[in-house]
Amino acid sequence: MAAVAQQTSGRVSAREVAVWDPLVRLIHWSLALTILLNGTFIEEESKTHEWIGYIALGLVGLRLVWALIGPKHARFSAFPPSPARAVNHLRAMLSGDKTIHLSHNPLGALMVYNIWASVIAIGITGYMMTTITFFGVDWVEEAHEVIFGWLLFSVALHVAGVAFDTWRSGVNLVRAMINGRKTIPYGREVE
Amino acid sequence: MKLRIWPAKTKEKRATVLAGLILLQAICALFFIGDVIEDFREDGHLDNPHLLLESVAAIALVGGVIFLMIELRGLLSRVSDMQIGLDIAQGHLADIIETFFDEWGLTSAERDVAIMILKGLDNDSIAQVRKTAAGTVRAQATSIYSKSGTDGRAQFISLLIEEFLADNQHLGSAEAALNAKTTNAASPDASGETT
Amino acid sequence: MRKLALIAMMALATPALAEDVTMDSILGTTMEEVQASLTAMGYEVRKAEMEDGKIEVYFVRDGQMGEVYVNPQTGAVTKLELKG
């Protein structure tokens with residue numbers, strides 16, 4: 001019955017909502033790739049490492065501009081940075097609230113701002129290391145490494161969070177970041 | 001009535017291409033900006049024609065990125081509008097079907113079977129999907145035809161098609177969209193999504 | 001004995017002549033020695049560490065940045081990178 005219902009009226013089926021536009025998705029996976037490359041395969045003291053770092057910075061910059069002038073779900077207004085909201089969201093989840101957020105949920109929002117800020121900090125310290133003023137200066141190199149370690153930890157947390165939220169909400173979040181559409185289970189409220 | 005599905009797909013493909021171009025141009029801009037910064041750090045001034053060209057290229061590319069972003073946003077909003085129109089049309093169709101089923105007093109099992117008949121499945125396929133006996137489906141189908149005052153499958157299907165076609169002139173217009181929104185406890189799509 | 005030779009070399013070097021570090025330079029067998037040699041040559045030493053069993057030193061002079069890798073056994077330069 002479910003298979004047929006899916007294609008008939010909107011009443012008894014899950015519904016698909018277009019959430020992540022092509023640019024958001026492209027930037028997301030490209031950024032993930034730069035982090036993967038610079039964190040593993042690419043040699044640290046190479047020109048390639050530097051260039052991938054600058055590309056990562058560029059990707060975040062692009063995303064920030066898009067968050068200012070892009071479509072609804074991509075904008076800052078759709079996922080404001082608010083620890084208060086995140087706490088509320090946590091409470092709501094624990095009390096069984098099943099509302100689904102179309103854009104990043106408040107916890108996810110904190111994570112994306114964290115990741116963007118980390119990438120920016122890593123990129124800036126990286127650039128600093130190429131300037132005469134900060135060349136060979138210990139704290140810059142340390143900061144670069146420490147923040148990158150933090151980034152890797154954040155990425156692991158991010159993946160776990162995505163898996164958890166997929167399970168909890170019934171919405172396939174990974175697929176949504178690939179084809180842009182969230183399939184909302186029938187009867188759920190969205191926000 | 002032509003439910004114009006594929007223009008939406010085409011627009012989606014264009015949107016993806018636009019996104020790719022934006023990314024590419026941004027990276028090219030990055031390259032030129034990086035070059036300008038590096039040369040500036042070495043020379044200390046920007047009057048060298050080579051640098052001038054690179055600066056112009058960088059500015060042009062950044063301008064291109066912003067322009068394409070605005071284009072992409074516009075395209076996405078048109079796709080979204082089309083999708084809303086489509087949802088409303090589909091919701092409208094769903095409502096028409098529901099109204100008929102209510103009028104005829106079909107049971108919920110009969111409604112399922114009726115939908116599948118409309119979709120062109122034969123009784124055996126319906127029995128498979130519903131995991132019941134073919135005989136049960138035949139009995140349900142008979143009841144459906146009787147309640148709807150039709151002779152059989154073909155007439156039943158054409159009865160509903162006629163209704164959809166009759167309503168056709170309204171389905172495409174903005175009026176219908178507004179009517180559909182306000183008249184009905186509409187489909188979850190129209191009411192569920194808040195800003 | 002080598003250390004004495006090095007100290008002697010450094011004592012003889014006149015500050016007015018800034019010597020350049022090259023692939024043929026012998027700089028020392030410990031981090032301190034290498035740093036001292038470079039400083040005597042007029043370089044500002046920014047950082048020294050061990051990397052892949054070699055002594056690695058970051059230095060700056062006259063707007064030029066560089067890294068040198070020294071073999072701690074021989075005191076000789078194994079890799080030299082000059083930037084900007």
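pLDDT is the predictor's confidence in each residue, from 0 to 100. The model here is predicted: local features need pLDDT of at least 70 and side-chain atom pairs count only at pLDDT 80 or more, while totals for chains, interfaces and linings use all residues. Residues are numbered from 1 along each chain as its sequence is written, and chains are lettered from A and ligands numbered from 1 in the order in which they are written.

**Exercise 1. Find where the confidence in chain B is lowest and where it is highest.**

Let's start with the whole chain. Chain B has a mean pLDDT of 81, and 77% of its residues score at least 70.

Next, go element by element, taking helices (H or I, at least four residues) and strands (E, at least two) as DSSP runs numbered from the N terminus. The lowest mean, 44, belongs to helix α8 (residues 188-192) of chain B, and the highest, 95, to α5(B).

Now look at two stretches. Residues 1-6 of chain B stay under 50 in pLDDT, and the model gives them two contacts beyond four places in sequence; here a contact means that the C-beta atoms of two residues, placed from the backbone, lie within 7 Å. Residues 180-195 of chain B also stay under 50, with 30 contacts beyond four places in sequence. Where pLDDT is low, the predicted coordinates should not be read in detail.

**Exercise 2. Describe how α3(B) and α5(B) pack.**

First, the geometry. Helix α3 (residues 108-118) of chain B meets helix α5 (residues 134-148) of chain B at an angle of about 85°, and their axes are 9 Å apart. Axes are lines fitted to C-alpha atoms, for helices over the stretch in contact, with angles from 0 to 180 degrees between N-to-C directions. That angle makes α3(B) roughly perpendicular to α5(B), a label for 65 to 115 degrees (under 35 is roughly parallel, over 145 roughly antiparallel, the rest oblique).

Second, the residues. From α3(B) come B:A109, B:E110, B:V113, B:A114 and B:I117, and they meet B:V137, B:Q140, B:A141, B:S143 and B:I144 of α5(B). By class, this contact has seven nonpolar, two polar and one charged residues. Ala, Val, Leu, Ile, Met, Phe, Trp, Tyr, Cys and Pro count as nonpolar, Asp, Glu, Lys and Arg as charged, and the others, Gly among them, as polar.

**Exercise 3. Work out which element gives the most to the largest nonpolar core.**

Begin with the terms. Such a core is a set of buried Ala, Val, Leu, Ile, Met, Phe, Trp, Tyr and Cys residues joined through C-beta atoms within 7 Å. Buried means 20 or more other C-beta atoms within 10 Å of a residue's own (exposed: 12 or fewer; partly exposed: in between), with C-beta atoms placed from the backbone.

The largest core holds 42 residues, and A:A56, B:I22 and B:L72 have the most contacts inside it. Among the elements giving it two or more residues are α3 (47-69) of chain A and α1 (6-43) of chain B. The answer is α1(B), with nine residues.

To finish, zoom in on B:I22. Leaving out residues up to four places away in sequence, B:I22 touches A:L23, B:V65, B:L68, B:M69 and B:L72.

**Exercise 4. Analyse the side of chain A that touches chain B.**

Count first: 26 residues of chain A contact 34 residues of chain B. α3(A) gives the most to the chain A side, with seven residues. That side divides into 15 nonpolar, six polar and five charged residues.
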